[in-house]
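Student: Got a minute to walk through this one with me? I'd like to get my bearings before going back to the bench.

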Amino acid sequence: PIIVATTVHRLADRSRRLFIMNPLRTAAQRAGPSLRRAAATKQQVRGMATEKQIFMQINATKNIKKITSSMKMVSAAKLKGDEGRLKLAKPFNAWTDKLTSEPVELEFATYEEIPQKTLIVPFTSDRGLCGGINSFISRGVRDICKTLIAEGKEAD
């Protein structure tokens, strides 16, 4: 392979360093089409990984670990911010307690105390990537309406 040496100026100390760059093309790429076909017909044999390849793989894994760790830190900071905003918003939502009773999970809901005529108002999210949550809420409302209609009650 051809080795290309270049000098690179560093801005901090203006010192020059010599770097050896990998060749831009392999020997098979520089060769004509006939040699490329001959090289392509040869079956390649994979051997053990070299020490440099193993070292590069270890470094790549360490870098992925660092990225994952920083993503966890960012999501933890976002969660803390969201929890803080929720805590501040709860007093503003206190008036809804006068309109409704305590919330009950769908799995444990009983329909005996629901009046004959009921209006169900689902609250969904408009934030990104909330399609699953919105689908769960709308499916639950449809199931509640079916159950109420089966019991002879009106539900909208």
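**Helix 5 and its surroundings**

Tutor: Sure. This is a predicted model, and a good place to start is helix 5, whose buried residues pack against strand 4 (154-155).

Student: OK, which residues of helix 5 are buried?

Tutor: Gly140, Val141, Ile144, Cys145 and Leu148. Looking down the axis of helix 5, you find its buried residues within an arc of 135°, so they line one face of the helix.

Student: And what does the face turned away from the buried side carry?

Tutor: Exposed residues there are Gly132, Lys146, Ile149 and Ala150.

Student: How many residues does helix 5 have?

Tutor: It has 20, running from 131 to 150. First C-alpha to last, helix 5 reaches 28 Å, close to the 28 Å expected at 1.5 Å a residue. Gly152 follows helix 5, with a positive phi near 85°.

Student: Switching topic: where does Phe123 lie?

Tutor: In the loop between strand 3 (117-118) and helix 5.

Student: Buried or exposed?

Tutor: Phe123 counts as exposed, because its relative accessibility is 71%, and the cut-off for exposed is over 50%. Together with Leu119 and Val121, Phe123 forms a nonpolar surface patch with about 390 Å² of accessible area.

Student: Zooming out, what's the order of elements from the N terminus?

Tutor: β-β-α-α-α-α-β-α-β, which comes to five helices and four strands.

Student: What share of the protein's residues counts as buried?

Tutor: 8% of the 156 residues. The protein exposes about 14,700 Å², with carbon and sulfur atoms supplying 61% of that.

How values were computed:
Residues numbered from 1 in each chain as written. Predicted model: local features only at pLDDT ≥ 70, side-chain atom pairs only at ≥ 80, totals over all residues. Heavy atoms only, no water. Helix = DSSP H or I, 4+ residues; strand = E, 2+ residues; numbered from the N terminus. Expected span 1.5 Å × (residues − 1). Buried < 20%, exposed > 50% of the residue type's maximum accessible area, 1.4 Å probe, protein only. Arc of directions from axis to C-beta. Contact = heavy atoms within 4.5 Å. Patch = residues over 30% accessible without salt bridge, like charges linked within 9 Å, V, L, I, M, F, W, Y side chains within 5 Å. Areas by Shrake-Rupley, 256 points an atom, 1.4 Å probe, with all protein chains shown as cover. Salt bridge = Lys/Arg side-chain N within 4 Å of Asp/Glu carboxyl O.
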